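Visitor: I would like a close look at a single part of this protein, taken slowly. Please start from one residue and work outwards.

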Amino acid sequence: MRDTARARVPEQQTRKVVRHSVRGQILEALRAALLKGELEPGEIYSGPALGERFGVSATPVREAMQQLAVEGAVECLPNRGFRVLTRTPGDLAELAEVRALLEVPVMLRLARTVAPGAWAALGPAAEAAAEAAAAGDLVRYADADRAFHRAVLALAGNGQLLLVADDLHRRSQWPLPGPSRIRRADLVADAAEHVALLGALAAGDRAPAESLIRTHFTRRTA
């Protein structure tokens with residue numbers, strides 16, 4: 001009996017991994033739909049309807065939506081579904097202020113303590129963001145933007161900082177509705193600041209680097 005039970009464990013674990021994978025795929029698909037405006041602010045969406053759209057059951061959709069509720073993108077409505085929350089310019093300004101309070105002091109310290117050569121290793125992350133911005137791919141840019149900021153903050157060696165900063169960053173990326181949506185030019189300008197910042201840091205030009213750090217978070221797409 002013990003041998004039989006042990007033999008079944010890998011199969012059970014595999015099923016759990018597959019289910020988690022489906023939930024993760026749906027979560028990423030919903031995040032992309034939100035960024036592209038395919039899920040309208042103020043609208044209510046049901047788990048079964050979205051499940052039919054993605055060709056899965058309602059369960060992984062509900063699990064993914066619950067995660068989006070934690071991230072501040074939707075709210076759960078018992079027995080009705082999920083409402084996409086409407087963002088305002090004030091909401092994004094508040095998030096930018098909090099991100100600046102958290103990230104700017106750390107980045108300024110890193111600019112003074114990290115060797116110039118170490119910054120060159122972050123070049124591919126900045127280039128990936130620039131390529132996504134040039135293509136006008138908002139979903140890919142959102143991922144690349146967070147990856148770049150994570151790579152910079154990782155130099156501080158503080159895991160908790162990375163978790164909190166990444167959560168705030170993702171929340172700041174949920175877009176405004178209608179004509180206020182982010183334009184390609186905004187993405188390109190934001191990505192250019194990443195490249196310029198790395199160039200200054202790699203060259204040891206501390207003054208322009210610190211100026212870029214302080215101003216970067218005032219941009220709506222930062």
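Leaving aside its neighbours within four places in sequence, which residues is Met65 in contact with?

Guide: This is a predicted model, and the chain averages a pLDDT of 87, with 87% of the residues scoring at least 70. Beyond its neighbours within four places in sequence, Met65 is in contact with Leu30, Leu50, Val74 and Phe82.

Two of these partners lead to the sheet. It is an open one of 3 strands, in the order S1-S3-S2, with antiparallel pairing. Strand S1 (44-45) and strand S2 (74-77) are the edge strands, each pairing on one side only. Helix H3, residues 58-70, packs on this sheet and touches S2 and S3. The direction of H3 makes about 125° with that of S2.

Strand S3, residues 81-84, is joined to S1 by 2 bridges, and the two run antiparallel. Phe82, already named as a contact of Met65, is the bridge partner of Tyr45. On the other side, S2 and S3 pair over 4 bridges, also in the antiparallel sense. Here Leu77 stands opposite Gly81 of S3. S2 and S3 form a hairpin with 3 residues between them, and in the turn Asn79 has a positive phi of about 65°.

Now the interior. The largest nonpolar core has 27 residues, and Met65 is among those with the most contacts inside it, together with Leu30, Leu39 and Leu68. At least two residues of this core come from each of helix H1 (2-35), H3, S3, helix H6 (123-134), helix H7 (138-154) and helix H9 (184-202). H1 gives the most, with 6 residues. A caution applies to the start of the chain: over residues 1-18 pLDDT stays under 50, and the model has 0 contacts beyond four places in sequence for them.

A second, separate core has 23 residues, including Val104, Ala126, Ala209 and Ile213. Ala209 and Ile213 are also among the buried residues of helix H10 (residues 206-216), along with Glu210 and His216. These four lie on the same side of H10, because they cover an arc of only 130° around the axis. The cover over the buried residues of H10 includes helix H4 (89-113), H7 and H9.

To return to the starting point: Met65 has contacts with Val74 and Phe82, and the helix H3 packs on the sheet.

Terms used
Residues are numbered from 1 along each chain as its sequence is written. This is a predicted model: local features need pLDDT of at least 70, side-chain atom pairs count only at pLDDT 80 or more; totals for chains, interfaces and linings use all residues. Side-chain values use heavy atoms; hydrogens and water are left out. Two strands pair if DSSP finds at least two bridges between them. Contact means heavy atoms within 4.5 Å. Axes are lines fitted to C-alpha atoms, for helices over the stretch in contact, and angles run from 0 to 180 degrees between N-to-C directions. pLDDT is the predictor's confidence in each residue, from 0 to 100. A nonpolar core is a set of buried Ala, Val, Leu, Ile, Met, Phe, Trp, Tyr and Cys residues joined through side-chain atoms within 4.5 Å. Buried means under 20% relative accessible area, exposed over 50%, partly exposed in between (1.4 Å probe, protein chains only). The arc is that of the directions from the helix axis to the C-beta atoms.
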